[in-house]
Amino acid sequence: EIRFFELNTGAKIPSLGLGTAQVDPSLVGEAVATAIKVGYRHIDCAQLYGNEKEIHLPVRMKKGSIGIQPENLIQPDIPCTWKAMEALYVSGKARAIGVSNFSSKKLGHLLDVARVPPAVNQVECHPSWQQPGLHAFCKSKGVHLSGYSPLGSPGSSWVKSDVLKNPILGMVAEKVGKTPAQVALRWGLQTGHSVLPKSTDEGRIKDNFDIFNWSIPEVSLAKLSEIEQERLMTGDSFFVHETCGPYRTVEELWDGEI
Ligand code: A2P
């Protein structure tokens, strides 16, 4: 059963983790406690989410600035940031180090200069944004892909998403007798990446853990690969601006993987 994936450092990453981005700070503690009780052993957190007492995207903030907006962002010095991450790894403070929201091109450039290669690239990944090209590139380089927004972030105010309402996903769910959310998560595991669903609801935290000891048959996996593809997290309003910040266009931010 796919409980863990092995990283290029030899460390193991649990295949299912709890996402915490955009979770209300007053609810996050309880949700994490519930998840640990249910059996989760992987929690995704970051300073950017504003609910944690590391970074995250291929952007750098101006010293002293507050808030993710293009005027506060400058060109990141990724080799320099990576050196600091490598120092954390070498000192033993981190068992593995990774990146997030890296395109194949950015990951390739980092691999060219890294002494310790990244263990993980955490990116948007769900049945409606499967990223097969990036997935294959990561795999060929021994970089584990971890999927955020594995349910397509239903109910989020900043993306319009109906990933869980996709008719093909619904059909497969009916066939295997699971919910669309469980099929979306299990699809991730069978595709070879870890998944980080967010929930603060005890029932859904449990449901999202029920993705082991059953599987999606090959024919249904093939059906899921026919789902129409669309990136939800384009980052346009946060990271892209015609005149300021490091990226002029969405194509530049994602190096055409859009
Ligand atoms: P809630 O906290 O009320 O459960 P993603 O992880 O893709 O970003 O999606 C997170 C969103 O999906 C949250 O709004 C969460 O709401 C909702 N959610 C989590 N688990 C499920 C599920 N099993 N079925 C439907 N919606 C879910």
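Which of the 16 residues around the ligand come nearest? In this predicted model, Ser-153, Lys-198, Ser-199, Arg-204 and Asn-208 hold that position among the 16 residues around the ligand. Sorted by class, the shell consists of 7 nonpolar, 6 polar and 3 charged residues.

Polar contacts to the ligand arise from both side chain and backbone. Ser-199 contributes a polar side-chain atom, which lies 2.6 Å from an oxygen atom of the ligand. The backbone takes part at Thr-200, where a polar atom is 2.9 Å from a ligand oxygen. A polar backbone atom of Leu-151 is likewise placed 2.9 Å from an oxygen atom of the ligand. Taken alone, the ligand exposes 570 Å², and the protein buries 78% of that area.

The strands of the model include an open sheet of 4 strands, arranged in the order S5-S6-S7-S8 with parallel pairing. Its edges are formed by strand S5 (98-100) and strand S8 (194-195), each of which pairs on one side only. In general, the strands of a sheet pair through backbone hydrogen bonds, in either a parallel or an antiparallel sense. Between S5 and strand S6 (residues 120-124), the parallel pairing extends over 3 bridges. Within this pair, Gly-98 stands opposite Val-120 in S6, and Val-99 stands opposite Asn-121 in S6. Strand S6 is mostly covered, with 5 of its 5 residues buried.

Two loop residues that follow these strands deserve separate description. Asn-101 belongs to the loop between S5 and helix H3 (104-113). The phi angle of Asn-101 is near 60°, a positive value in a residue other than glycine. Asn-101 counts as buried because its relative accessibility is 4%, below the 20% cut-off for that class. A comparable description applies to Gln-131, which lies in the loop between S6 and helix H4 (132-140). Although Gln-131 is not a glycine, its phi is positive, at about 50°. With a relative accessibility of 8%, Gln-131 also counts as buried.

The loop between strand S7 (144-148) and helix H5 (167-176) contains Asp-162. Is this residue, Asp-162, buried or exposed? Its relative accessibility is 52%, and Asp-162 therefore counts as exposed, since the exposed class begins over 50%. Asp-162 and Arg-60 are 102 residues apart along the chain, and their C-alpha atoms are separated by 31 Å.

A further residue examined is Arg-186, found in helix H6 (residues 180-191). Although arginine is classed as charged, Arg-186 counts as buried, because its relative accessibility is 4%. Which residues does Arg-186 contact, leaving aside its neighbours within four places in sequence? Two of them, Glu-1 and Ile-2, carry the lowest numbers in the chain. The others are Ile-211, Phe-212, Asn-213, Trp-214, Ser-215 and Ile-216. One of these residues, Ile-211, also takes part in a polar contact: its backbone oxygen lies 2.9 Å from a polar atom of the side chain of Arg-186.

How values were computed:
Residues are numbered from 1 along each chain as its sequence is written. This is a predicted model: local features need pLDDT of at least 70, side-chain atom pairs count only at pLDDT 80 or more; totals for chains, interfaces and linings use all residues. Side-chain values use heavy atoms; hydrogens and water are left out. Buried means under 20% relative accessible area, exposed over 50%, partly exposed in between (1.4 Å probe, protein chains only). A polar contact is a pair of N or O atoms within 3.5 Å; within protein, one must be able to donate a hydrogen and the other to accept it, and residues adjacent in sequence count only if both atoms are side-chain atoms. Contact means heavy atoms within 4.5 Å. Two strands pair if DSSP finds at least two bridges between them. A residue is near a molecule or strand if one of its heavy atoms lies within 4 Å of it. Accessible areas come from the Shrake-Rupley method with a 1.4 Å probe; for residues, only the protein chains shown count as cover.
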